[in-house]
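Hi there,

Here is the structure I promised to pass along. Have a look first, and my notes follow below.

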Amino acid sequence: MDKLKKLFDPTMFRFLLVGVANTLVGCGVMFGLYNLAGLHAWGDTGYWISSAANYMAGSVVSFFLNKRFTFKNQEKGPWVVLRFVLNISVCYLLAYGLAKPAAAWVLGGLGLGEQLQGNLTMLAGSGLFVVLNYFGQRFFAFRSR
């Protein structure tokens with residue numbers, strides 16, 4: 001029980017609060033590019049460009065807010081940035097790489113349009129990314145020394 005209390009401490013709630021800001025910025029970019037800019041017509045390429053743009057925009061917000069506000073990390077220099085970039089990259093590739101085939105398997109027989117299926121796949125990838133990213137930032141990127 002004590003391990004669960006440590007895991008669900010105030011950093012998790014601050015991370016979720018920062019996540020709201022990241023989500024508004026990143027998903028606005030992602031779904032805007034995919035739907036409004038027409039990248040859905042590019043197939044898989046549009047999926048990857050839209051979702052990557054989400055994490056480029058959201059990651060800038062995330063780095064500064066999570067470093068100072070969530071994890072109260074005072075470390076300076078290139079190593080903290082490098083760990084953060086590595087964490088974001090691994091989480092992104094895992095989350096969206098797993099979401100794509102999983103969603104195709106789950107949604108494949110439902111007869112959904114390609115654009116709707118792409119949106120649902122990106123939504124699933126976003127959810128998985130949040131979980132992976134929290135643990136990566138907490139225990140790797142901004143870990144306490």
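Which residue's side chain meets that of Lys100 in a salt bridge? The partner is Asp44, with 3.0 Å from N to O. Please keep in mind that this is a predicted model, and that the values here are computed from it.

Salt bridges

That pair ties together distant parts of the chain, as Lys100 sits in helix α4 and Asp44 in helix α3, 56 residues apart. Lys100 has a relative accessible area of 27%, so it counts as partly exposed. Asp44 is partly exposed as well, because its value is 48% and the partly exposed class runs from 20% to 50%.

Searching the whole structure turns up 2 salt bridges. Besides the pair above, Glu75 bridges to Arg83, where the closest N and O atoms are 2.6 Å apart. Here both Glu75 and Arg83 are buried, whereas Lys100 is partly exposed.

The nonpolar core

The largest nonpolar core has 22 residues, and those touching the most other members are Phe84, Tyr96, Met122, Phe129 and Phe142. Two or more residues come from each of α2 (10-36), α3 (44-70), α4 and α5. The biggest contribution is that of α4, at 8 residues.

Phe142 may be a good place to start when you browse the model. What does Phe142 contact once its neighbours within four places in sequence are set aside? The list holds four residues named Phe63, Asn66, Lys67 and Phe71, and it goes on with Asn73, Val80, Phe84 and Gln137. Among these contacts, Phe84 is also one of the core residues that touch the most other members.

The nonpolar patch on the surface

On the outside there is a nonpolar surface patch of about 490 Å², built from Leu86, Val90, Leu94, Leu98, Leu128 and Phe140. Helices α4 (78-107) and α5 (114-141) each provide at least two of its residues. As in the core, where α4 gives the most, the largest share of the patch belongs to α4, with 4 residues.

Leu94 is one of the patch residues and lies in helix α4. Why does Leu94 count as partly exposed? Its relative accessibility is 43%, and that falls between the 20% limit for buried and the 50% limit for exposed.

So helix α4 comes up in each part of these notes: it holds Lys100 of the salt bridge to Asp44, gives 8 residues to the core and supplies 4 residues to the patch.

Happy browsing, and do write back with any thoughts.

Best wishes

Conventions
Residues numbered from 1 in each chain as written. Predicted model: local features only at pLDDT ≥ 70, side-chain atom pairs only at ≥ 80, totals over all residues. Heavy atoms only, no water. Patch = residues over 30% accessible without salt bridge, like charges linked within 9 Å, V, L, I, M, F, W, Y side chains within 5 Å. Areas by Shrake-Rupley, 256 points an atom, 1.4 Å probe, with all protein chains shown as cover. Salt bridge = Lys/Arg side-chain N within 4 Å of Asp/Glu carboxyl O. Buried < 20%, exposed > 50% of the residue type's maximum accessible area, 1.4 Å probe, protein only. Core = buried A, V, L, I, M, F, W, Y, C linked by side-chain atoms within 4.5 Å. Contact = heavy atoms within 4.5 Å.
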